[in-house]
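User: I'm new to this one and would rather get to know a single part well than skim everything. Pick a part, take me through it slowly, and then show me what else there is around it.

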Amino acid sequence: MNFTRRRGAIATAITLGALLTGTAIFLNITWIIVNRSRVLYMVLGIILFALLVAGVVLNTIFLVREVRRNERQDSFLNAVTHELKTPIASIRLYLDTLQKRPVAEEQRQKFYAIMHADSDRLLATVESVLKAGELGQRQRQQNRVSIDLGELVGECIAVTRQRHHLAADSIELEPVPGQVKLRVLGIAEDLRTAILNLLDNAVKYSPPDLTKMKIRCTLAITNYSFVSLAVTDSGLGIPEVELKRIFKRFYRIPGRYAVKIKGTGLGLFLVRTIARQHGGSIKAESAGPHLGTTMTLTLPLAG
């Protein structure tokens, strides 16, 4: 219902803006015809009507943007609510089961493993929300150190495999030619957040059969002074029109394309923010739906 109302509000704003613009143009033409013999009046009228039309167009654009921003925020709140309630409900269910009836040791250990995974999911959601606010408020120029990017990526791959219970060959880091140490100057905590988000995204949008999951990570020097980390999956892919939009705060691809994929719409926004604060960039490439995606994080090499 909210989605339908917002779409109606956008359509109303655009229609009203178009009608007002058309009316202003009609009045402007009429003014020119009536005052064509009085040059000063005609020029003043053209200027005033041009300002009026520009104001109507800008107001319509800002109104539509605000409606869309509110729509993304509502989607974010719904997603966060779901991401928080689901693991909490799961943990409570297993705790109630353990309290109310005797459970075999093997089953008990399985319950503990599920609750541990749910608590990790809950913690990851809270941390992503806190990090999104923190990055926009703190000064990020301090505490920068030289970091071996290959080593950091390896650590993040190990964490991701453990978090999603993946096989050792499901995510692979291709060796850097010549075993060169690729070092960047940055904040280790933030870069770890960015890399983990890229890997988690690749896992979420990969085929549901974990045994067939293949994610490839590649490190390379680009333009002599930058290092790029490419994370390639063979999953859902991304429509071309969405390749730049996915890095916006709260943005999630609309429609049934990725409706079953859980998330808050903050992961790739965090990656872009962290990349920019480190003097780098992030881009997405995909041949299309169901043809996989490559996310490339580029950072300056440490001098």
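Analyst: Let's start with a word we'll need a lot: a residue is buried when its relative accessible area is under 20%, exposed when that is over 50%, and partly exposed in between (1.4 Å probe, protein chains only). What you're looking at is a predicted model, so local features need pLDDT of at least 70 and side-chain atom pairs count only at pLDDT 80 or more, while totals for chains, interfaces and linings use all residues. Residues are numbered from 1 along each chain as its sequence is written, and side-chain values use heavy atoms, with hydrogens and water left out.

The part I've picked is Thr298 and its surroundings. Thr298 sits in strand 7; strands here are DSSP runs of E with at least two residues, helices are runs of H or I with at least four, and both are numbered from the N terminus. Thr298 has 18% relative accessibility, and that's why it counts as buried. Leaving aside residues up to four places away in sequence, Thr298 touches Thr222, Phe226, Val227, Ser228, Gly280 and Ser281, where a contact means heavy atoms within 4.5 Å.

One of those contacts, Ser281, leads us to strand 6, which covers residues 281-285. Strand 6 and strand 7 (residues 293-300) run antiparallel and are joined by five bridges; for two strands to pair, DSSP has to find at least two. Across the pair, Ile282 stands opposite Leu297 in strand 7.

Strand 6 also has two distinct faces. Ile282 and Ala284 point to one of them and are buried, whereas Ser281, Lys283 and Glu285 point to the other and are not. On that second face, the side chains of Lys283 and Glu285 meet in a salt bridge, 3.9 Å from N to O. The term stands for a side-chain nitrogen of Lys or Arg within 4 Å of a carboxyl oxygen of Asp or Glu. In general, side chains of opposite charge can pair when their charged atoms come close. Both partners are partly exposed, Glu285 with a relative accessible area of 39% and Lys283 with 44%.

Step back along the chain and you meet helix 6, residues 267-277. Its buried residues include Leu268, Phe269, Leu270, Val271 and Ile274. After helix 6 comes Gly279, with a positive phi near 75°.

Now for the wider setting. The protein has six helices and seven strands, and along the sequence they follow the pattern α-α-α-β-α-β-β-α-β-β-α-β-β. Of its 303 residues, 39% count as buried. Among contacts with a separation of 6 or more, 69% are between residues 24 or more positions apart. The protein exposes about 18300 Å², with carbon and sulfur atoms supplying 61% of it; such areas come from the Shrake-Rupley method with a 1.4 Å probe, and for residues only the protein chains shown count as cover.

How many salt bridges does a search of the whole structure find? There are eight. Besides the one on strand 6, take Arg192 and Glu155, whose closest N and O atoms are 3.5 Å apart. Arg192 lies in helix 5 (residues 188-204) and Glu155 in helix 4 (residues 149-164), so this pair ties together parts that are 37 residues apart in sequence. Arg192 is partly exposed at 32%, and Glu155 is too, at 35%. Arg108 and Glu105 form another salt bridge, at 3.9 Å. Those two both lie in helix 3 (residues 105-137), three residues apart, about one turn of the helix.

Disulfides are a quicker story: the whole structure has zero, taking a disulfide as a pair of cysteine sulfur atoms within 2.5 Å. Why is Cys156 not bonded to Cys217? The Cys217 sulfur is the closest cysteine sulfur to that of Cys156, but at 9.6 Å it's too far for a bond. Cys156 is buried, with a relative accessible area of 1%, and Cys217 is buried with 1% as well.

Last stop, the surface: Val57, Leu58, Ile61 and Phe62 form a nonpolar patch there, with about 340 Å² of accessible area together. Patch members have over 30% relative accessible area and no salt bridge; nonpolar side chains (Val, Leu, Ile, Met, Phe, Trp, Tyr) are joined within 5 Å, like charges within 9 Å. Ile61 belongs to helix 2, residues 39-100, and counts as partly exposed at 35% relative accessibility.
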